[in-house]
Amino acid sequence: MPDSKSRSIPLKSGSEKNNTNFEFQIDLWALLSSPDKLPESQQKVILLVSVAAFLVIIPSTMYHYNQGQILLTVLDAIFLLVVGYSLYQYFRKTPLPLPPAIFTVTLSAILLSNIYVQGVPSSYWLFPMIMGHAIVVKKSISLPYNLIMITIGGFLLYNNTGIFGIAFEFVGAALVLMGISYGILAILLNLQHRLSIQSKSDSLTGLKNRRYMSEQITQAMTDFLDNPESAYGVVMLDVDLFKAINDEYGHAQGDNVLIGIASVLNRAEELGNIKAMRIGGEEFLLLAKGFQPSPLKRLAETVRVDVEKLNLLPDNSVTISAGVAMLELGFDESKWLKLADTCLYEAKRGGRNQVVSSNEIDEALLASALNENSYHRCKSRA
Ligand SMILES: Nc1nc2c(ncn2[C@@H]2O[C@H](COP(=O)(O)OP(=O)(O)OP(=O)(O)O)[C@@H](O)[C@H]2O)c(=O)[nH]1
């Protein structure tokens, strides 16, 4: 029997979990102080827009302050931060948090209506231009486009006699509209990101699905070709005699078993450099980076024991079998997964509730696994 004394995977506390996606953090200082961490093309655009924003909004803030418009002064300052934050997130290509995006749009709308009330209708010609800016910003013409914008802004400032004159409102309007554009983009990107996550997630367990697996396997193989010393391995897991569980306890209880197993895999994922997926009905996959064969087998063994300890059914009958295969040079996706599947098959054949690694199977089996061109699950298990 397999060793059942492996240590359980510790569950991380909520505060340790990575939830940066929807965190509201203004990192304007990073935007201005360490732009070198961003790709060069993005640095140019960010710096130009940031400088333009500062040049206009700071005097505009002073103007509103001098006019005794405290609310607008505060809004100006917040607006600057929010636009800077949106830009920062946008150019980092990370999903934009929805609350700040909505905040940007709302705030921009307030400022825009203020400009409308003060009566600066000629500033509206800037709208298509700013929308254009939001659309072309990622393309090669973004630099000349920004230069033109700044030149026009400068011209307007130059032609105005008073430093706190109406020109600030023109360029302020430009920034407001830019804020709206980015806010809308932010919301769209956010929705797109959510849809993309949904399409790669399994609705029952919340784990990533098979589509995500293909992406991740391809990515791992590309990385491995560039860095052959990086250790990549997969653990293919399958619930033992799941059909019998469904038959005896019903489909709903079967679903709960799958959810319970997913919780163990989630904990494994939290160890870092591990991705957990549900790749079929009662089949799961862990993709691990940086684990040599022995530690990876130990991890699989720990998962197996943790599932057993969950006591998911009254008679404590839920077990899993697993096959472990490292990525080797010359493998393609189907060979790698086929090898893991062959190991899993061996684990089932050996009596289930155990883990088999690719370095433990005999030569003939290994050769037959690696000679197959396509990936077929062996479902004819004894
Ligand atoms: N409850 C539930 N059952 C599922 C789900 N997806 C697949 N199944 C069931 O999983 C069972 C898989 O059974 P088999 O492929 O025969 O394998 P097994 O009974 O687990 O036997 P071994 O793999 O050989 O240990 C089938 O009865 C499917 O109906 C699901 O989402 N929920």
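**Exercise 1. Determine the handedness of the crossing of α12 and α13, and describe the contact between these helices.**

Step 1. The crossing of α12 and α13 is right-handed; a crossing is left-handed if the near helix is turned anticlockwise from the far one by less than a right angle, and right-handed if clockwise. Helices (H or I, at least four residues) and strands (E, at least two) are DSSP runs, numbered from the N terminus. The structure is a predicted model, in which local features need pLDDT of at least 70, side-chain atom pairs count only at pLDDT 80 or more, and totals for chains, interfaces and linings use all residues. Residues are numbered from 1 along each chain as its sequence is written.

Step 2. The axes of α12 (residues 333-349) and α13 (residues 363-371) come within 8 Å and cross at roughly 145°. Axes are lines fitted to C-alpha atoms, for helices over the stretch in contact, and angles run from 0 to 180 degrees between N-to-C directions.

Step 3. On α12, Lys335, Lys338, Leu339 and Thr342 make the contact, and on α13 the partners are Leu365, Ala369 and Leu370. Two residues are in contact if their C-beta atoms, placed from the backbone, lie within 7 Å.

Step 4. By class, these residues are four nonpolar, one polar and two charged. Ala, Val, Leu, Ile, Met, Phe, Trp, Tyr, Cys and Pro count as nonpolar, Asp, Glu, Lys and Arg as charged, and the others, Gly among them, as polar.

**Exercise 2. Establish the strand order of the open sheet and the way in which its strands pair.**

Step 1. The order is β2-β3-β1-β4-β5, with mixed pairing. Two strands pair if DSSP finds at least two bridges between them.

Step 2. The edges are formed by β2 (274-278) and β5 (355-357), each of which pairs on one side only. Neighbouring strands are turned by 15° against each other on average, direction ignored.

Step 3. Begin at the β2 edge: β2 and β3 run antiparallel and are joined by five bridges, and they form a hairpin with four residues between them. Ile274 has Ala288 in β3 as its bridge partner.

Step 4. Continue to β1: it pairs with β3 in the antiparallel sense over seven bridges, and Leu237 stands opposite Phe284 in β3. Strand β1 (residues 232-239) also pairs with β4 (residues 320-326), antiparallel over seven bridges. Here Val235 has Val324 of β4 as its bridge partner.

**Exercise 3. Identify which strands are touched by α8 and by α11, and explain why β3 is largely enclosed.**

Step 1. Helix α8 (residues 210-226) packs on the sheet and touches β1, β2 and β3 (283-289), its direction making about 25° with that of β3.

Step 2. Helix α11 (residues 293-309) also packs on the sheet, where it touches β1, β3, β4 and β5; its direction makes about 165° with that of β4.

Step 3. Strand β3 is largely enclosed by the rest of the structure because five of its seven residues are buried. A residue is buried if 20 or more other C-beta atoms lie within 10 Å of its own, exposed if 12 or fewer, and partly exposed in between, with C-beta atoms placed from the backbone.

**Exercise 4. Locate Leu241 and Asn273, and assign their exposure.**

Step 1. Leu241 is placed in the loop between β1 and α9 (242-249). Its phi is near 45°, a positive value in a residue other than glycine. Leu241 counts as partly exposed because it has 18 C-beta neighbours inside 10 Å.

Step 2. Asn273 lies in the loop between α10 (251-269) and β2. Although not a glycine, Asn273 has a positive phi of about 60°. With 12 other C-beta atoms within 10 Å, Asn273 is exposed.
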